[in-house]
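I opened a fresh page for this one. My plan is to look things up piece by piece and jot down what I find.

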Amino acid sequence: MTPHLRLKTRALTAIVILANVLGNFAMSWGLKHRGTLLGSSVLEYLRVFLNPWVTGGVLLLILWMLSRMTLLSWADLSYVLPVTSIGYVLTALMGRVFLGEQISAGRWAGTVLIMAGTALVGSTAVRTTKAQETEAAFAAAEESQ
Amino acid sequence: MKWALVAVIVGATVLADVLQTLGMRHHGEIHDFRPSALGRAAAALARNWYVIVAVAMMAVSFFAFLTLLSFADLSFAVPATAASFVIETVVAKYFLREQVTWKRWAGAGLVACGVALLAL
């Protein structure tokens with residue numbers, strides 16, 4: 001793996017993780033402070049989007065989706081998934097800092113496992129399928145149609 | 001109701017990720033990050049059927065998750081969907097033909113267990 005690819009992958013991975021963590025946090029904050037249950041009508045769902053926290057959260061989640069798609073344009077799915085899961089750890093830490101949630105021993109254990117998994121997968125090659133092979137497979141599939 | 005929603009979320013997420021990976025492979029690597037080039041890539045992706053169906057599946061997963069969050073805790077909703085890590089790694093190996101080495105299996109397993117533990 002070239003240093004350039006590694007740097008590009010690291011930088012985009014950071015954007016994917018931050019957009020996801022902050023987006024989920026904003027949405028969760030907005031929904032928690034509404035006080036009523038969702039699910040009674042379509043109008044209810046639409047009204048939720050008037051909340052600025054929910055709107056901000058949705059925009060961040062759109063950024064998350066687009067940056068993740070870009071990352072998947074060169075990186076394996078089985079690489080991207082575990083590596084970006086470090087976001088769960090950040091979500092738990094944000095819950096502790098901003099929402100005053102307690103982090104139990106079990107949660108700390110979970111945090112350690114996720115970090116170990118992320119580090120393990122982060123040390124593997126970013127891409128294990130060859131671009132040319134994939135292109136050839138798509139070309140063959142299109143010809144046969 | 002809770003677990004039915006979890007099944008919908010996991011199923012839709014797995015489908016969305018697989019289709020997204022196929023769609024992006026079909027599109028090819030994005031390496032030009034200037035706004036005009038990103039705009040062209042976005043226009044091409046908006047006509048890519050893998051990506052279109054993937055986004056629809058993500059929407060299904062998103063609204064199911066929103067519904068689940070409205071009556072269940074985040075600390076139930078997040079870990080309950082942890083199964084998708086292992087399922088997606090299996091699909092990545094056998095369907096997407098990625099080389100899932102022992103490090104990746106172990107990593108996906110550790111992450112899934114870790115996410116489940118976060119509920120405690």
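**Entry 1: a helix in chain B.** I began with helix α1 of chain B, which covers residues 2-27. I counted 26 residues in α1(B), and from its first C-alpha to its last I got 37 Å, close to the 38 Å expected at 1.5 Å a residue. Just after α1(B) I came to Gly28(B), which has a positive phi near 100°.

**Entry 2: how far to trust it.** A reminder to myself: this is a predicted model. I looked up the confidence of chain A and found a mean pLDDT of 83, with 84% of the residues at 70 or above. Which helix of chain A has the lowest confidence, and which the highest? The lowest is α7(A), with a mean of 62, and the highest is α4(A), at 93. Where pLDDT is low, the coordinates should not be read in detail. I will keep that in mind when I look at α7(A), given its mean of 62.

**Entry 3: chain B as a whole.** I found six helices and zero strands in chain B, so to speak a plain α-α-α-α-α-α when read along the sequence. Its C-alpha trace spans about 45 × 35 × 25 Å along the principal axes. Of the 120 residues in chain B, 40% are buried. I also checked contacts with a separation of 6 or more, and 77% of those in chain B join residues 24 or more positions apart.

**Entry 4: an unusual phi.** Arg97(B) caught my eye, as its phi is positive, near 60°, and it is not a glycine. I located Arg97(B) in the loop between α5 (83-94) and α6 of chain B. Is Arg97(B) buried or partly exposed? I counted 14 C-beta neighbours inside 10 Å, so Arg97(B) is partly exposed.

**Entry 5: where the chains meet.** I found 39 residues of chain A in contact with 42 residues of chain B. On chain A, the elements that give two or more residues to this side are α1 (3-32), α3 (52-72), α4 (77-84), α5 (86-98), α6 (105-122) and α7 (131-143). The largest share, twelve residues, comes from α6(A). By class, I noted 20 nonpolar, 17 polar and two charged residues on the side of chain A that touches chain B.

**Entry 6: a closer look at α6(A).** I checked the length of α6(A): its 18 residues should span 26 Å at 1.5 Å a residue, and its end C-alpha atoms are 26 Å apart, so the two agree. Several residues of α6(A) are buried, among them Arg107(A), Gly110(A), Leu113(A) and Ile114(A). The buried residues of α6(A) pack against α4 and α5 of chain A, and also against α6 (102-117) of chain B.

**Entry 7: α4(A) against α6(A).** The axes of α4(A) and α6(A) are 8 Å apart, at an angle of about 145°, and the crossing is left-handed. On the α4(A) side I listed Tyr79(A), Pro82(A) and Val83(A), and on the α6(A) side Gly117(A), Thr118(A), Val121(A) and Gly122(A). That contact has four nonpolar, three polar and no charged residues.

**Entry 8: one residue of α5(A).** Last, I picked Ala92(A), which lies in helix α5 of chain A. Ala92(A) has 21 other C-beta atoms within 10 Å, so it is buried. Leaving aside neighbours within four places in sequence, I found Ala92(A) in contact with Ile103(A), Arg107(A), Thr111(A) and Leu118(B). The C-alpha atoms of Ala92(A) and Val21(A) are 9.6 Å apart, although 71 residues separate them along the chain.

Note on methods: Residues numbered from 1 in each chain as written. Chains lettered and ligands numbered in written order. Predicted model: local features only at pLDDT ≥ 70, side-chain atom pairs only at ≥ 80, totals over all residues. Contact = placed C-beta atoms within 7 Å. Helix = DSSP H or I, 4+ residues; strand = E, 2+ residues; numbered from the N terminus. Nonpolar A, V, L, I, M, F, W, Y, C, P; charged D, E, K, R; others polar. Axes fitted to C-alpha atoms, helices over the stretch in contact; angles between N-to-C directions. Left-handed = near helix turned anticlockwise from the far one by under 90°. pLDDT = per-residue confidence, 0-100. Buried ≥ 20, exposed ≤ 12 C-beta atoms within 10 Å, placed from the backbone. Expected span 1.5 Å × (residues − 1).
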